[in-house]
Amino acid sequence: MRTIFLARHALAGSNRDGLAACTPPGLGLTPEGVEQARRLGELLEHEKIDLGVATEHLRTQQTLEHALAGREVPTIAVPELNEIHFGSFDGGLLLEYRAWAGAESPSLRAPGGGESRAEAAARYARGLSIVLERPEENALVIGHALAVRYVLDAAGGLVPAALMASPVEHALPHRLDAGDLRRAAELLEEWSRAPAFRVPSVDGRAVP
Amino acid sequence: MEPNREQILRFCAEDPVERVFLEDMARRGAGRFAGVERRGELRALCHVGVNAVPSGEECGAFAREVARAAPRMLIGEANAVSELWEEARSRLPRPREDRPGQPVFVIDEAPPAGDTGLRAAGVGDLDLLVPACAAAHEQEIGVDPLRRDAEGFRWRTRTQIEEARSWLWEEDGVILFKAEASAWTPSAVQLQQVWVDPEARRAGFGSRGLRDLCRLLLERVPAVCLFVRAENASAIRLYETIGMRHVLDYRSVLI
């Protein structure tokens, strides 16, 4: 793998309704989301794409499908890049999960059989490794907001923050090379073993 | 038929300036192409995407495929676009604008030095470049890209910088000259969005900047080309002044 275009999925019904949604397949794209996904395809029109990567969630698969329309590109689902498991917050308001997540430690699992941020980070690292090991040169990877934020931050040397400081735009590509992705995978894997959120105002430094 | 890369490159080699965009897309392994073949060689080729870009003979053959793709613009060599448009117009929306006779200029000998501070743009120039690129885009296409898709346009501008296809000469935050490469092959570079900030115009910066950019590029490729709106007399005068030759005409049908 040489180049990865990483993007969050386009607007889905669960985003429109402000819901935490982690059980696949989940809701598909809204009409606005379909337009966003098509725009993603337009933005990448000048790029060679050999592989499409989605998760098990319909919103990522539909984004990929629209973005790659007209191209004959193999696609795979990488469950390791699935949405974080929200536990008992699944199906409820995302705001409620965010309120809980903003106040709790990264190693604490969401109640109701959910996943901790550290576990999700380790899983994302495994997902990145799967993509990196693929023989294709250029991939479009459609993921979820938390995964995209973690990967972009980690590629820039930043450990995760308790809450995302800035939203991850729907269906906007981020170009990463294999080195970026490898760096992100290593940092997330390492962080997940002794997780501490970074101080938002201090680049990359974890809370003591 | 769907042409292969070798067929496309042979076809483009017949006219590397007119077909610079098609060749660039093929070399990148990007884009979708349709072709008309005769005895194993392409007689016509069309890139089918956001823009439909036909070239060659009997391009009306691409009408059905182009209509299905619902492009925003048909652009390319004037006769090829005219043939395609005549066949496809009944299946496409009424055009916003039709621009026949857009001259394509080319230069293959280095002009005199402009003695400017021209340099490759860096990501740190992005905030300065985005409004200028958007203004140049609106001037060329008639649509403000920051109103239609600000994030997407910013991404495109950033990509041009990251691909080392963007150059500027600026002083104290004023762009004295800038341009981007819209296509790049071993045979030619096509420039777009040539721009001087309004407050810096009529001082010769555009000519000096373009001369230095052409000199820079002609060290790496045999030809630099661009096309311009037929009514843009001042730009045409500028291109002629630095030694560019009018070699063919494009036509754009904006949908």
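**Exercise 1. Work out how E4(B) and E11(B) pair, and what flanks E11(B) on its other side.**

Solution. Start with the pair itself: in this predicted model, E4(B) and E11(B) run antiparallel and share five bridges. For a landmark, find B:Ile75, whose opposite number in E11(B) is B:Ser252. Now step across to E5(B), which is joined to E11(B) by eight bridges, again antiparallel. Here B:Glu97 faces B:Leu254 of E11(B).

**Exercise 2. Place these strands in the whole sheet of chain B, and say which strands stand at its edges and why one side of each is free.**

Solution. Walk along the sheet and you get E1-E2-E3-E4-E11-E5-E10-E9-E8-E7-E6 in chain B: eleven strands, open, with mixed pairing. The edges are E1 (33-38) and E6 (119-120) of chain B; each has a single partner strand, so one side of each has no neighbour in the sheet.

Next, look at how E6(B) is held. Two bridges tie E6(B) to E7(B), residues 166-171, in the antiparallel sense. You can pick out the residues that face each other: B:Ala120 is opposite B:Trp167, and B:Arg119 is opposite B:Leu168.

Carry on from E7(B) to E8(B), residues 174-184: this antiparallel pair has six bridges. B:Glu171 has B:Val174 as its bridge partner in E8(B). The two strands make a hairpin with two residues between them, and in the turn B:Asp172 has a positive phi of about 50°.

**Exercise 3. Find which strands H8(B) lies across, and at what angle H8(B) runs to E5(B).**

Solution. H8(B), residues 233-241, lies across E5 (97-107), E9 (188-195) and E10 (223-227) of chain B. Compare directions and you'll find H8(B) running at about 15° to E5(B).

**Exercise 4. Decide whether A:Thr63 is buried or exposed, then say which face of its helix is lined by buried residues and what covers them.**

Solution. First, locate the residue: A:Thr63 belongs to H3(A), residues 58-67. Its relative accessibility is 0%, and since the cut-off for buried is under 20%, A:Thr63 is buried. Setting aside neighbours within four places in sequence, its contacts are A:His9, A:Ala10, A:Leu29, A:Ala37, A:Leu40 and A:Ile142.

Now take the helix as a whole. The buried residues of H3(A) are A:Arg59, A:Thr60, A:Thr63, A:Leu64 and A:Ala67. Viewed down the axis of H3(A), they fall within an arc of 135°, so they line one face of the helix. The spacing rule helps here: an α-helix has 3.6 residues a turn, so residues three or four places apart point the same way. As for the cover over these buried residues of H3(A), it includes H1 (13-16), H2 (31-43), E2 (51-54), E3 (75-77) and E4 (138-143) of chain A.

**Exercise 5. Two helix pairs: classify H2(A) with H6(B), and H6(A) with H7(A), by their angles.**

Solution. Take the pair across the two chains to begin with. H2(A) packs on H6(B), residues 145-162, at about 20°, the axes being 11 Å apart. Angles under 35 degrees count as roughly parallel, so H2(A) is roughly parallel to H6(B). The crossing is right-handed. From H2(A), A:Arg39, A:Glu42 and A:Leu43 make the contact, and from H6(B) come B:Asp149, B:Glu151, B:Gly152, B:Trp155 and B:Arg156.

Then turn to chain A. H6(A), residues 145-155, and H7(A), residues 178-193, pack at about 105° with axes 8 Å apart. That puts them in the roughly perpendicular class. On the H6(A) side the players are A:Tyr150, A:Val151, A:Ala154 and A:Ala155, which meet A:Asp180, A:Leu181, A:Arg183, A:Ala184, A:Leu187 and A:Leu188 of H7(A).

**Exercise 6. Say where B:Ala26 sits, whether B:Ala26 is buried or exposed, and what B:Ala26 touches.**

Solution. B:Ala26 is in H2(B), residues 20-28. With 6% relative accessibility, B:Ala26 counts as buried. Leave out residues up to four places away in sequence, and B:Ala26 touches B:Arg5, B:Ile8, B:Leu9 and B:Phe33. For a distance check, go to B:Leu217, 191 residues away along the chain: the C-alpha atoms of B:Ala26 and B:Leu217 are 21 Å apart.

Key. Residues are numbered from 1 along each chain as its sequence is written. Chains are lettered from A and ligands numbered from 1 in the order in which they are written. This is a predicted model: local features need pLDDT of at least 70, side-chain atom pairs count only at pLDDT 80 or more; totals for chains, interfaces and linings use all residues. Side-chain values use heavy atoms; hydrogens and water are left out. Two strands pair if DSSP finds at least two bridges between them. Helices (H or I, at least four residues) and strands (E, at least two) are DSSP runs, numbered from the N terminus. Contact means heavy atoms within 4.5 Å. Axes are lines fitted to C-alpha atoms, for helices over the stretch in contact, and angles run from 0 to 180 degrees between N-to-C directions. Buried means under 20% relative accessible area, exposed over 50%, partly exposed in between (1.4 Å probe, protein chains only). The arc is that of the directions from the helix axis to the C-beta atoms. Angles under 35 degrees count as roughly parallel, over 145 as roughly antiparallel, 65 to 115 as roughly perpendicular and the rest as oblique. A crossing is left-handed if the near helix is turned anticlockwise from the far one by less than a right angle, and right-handed if clockwise.
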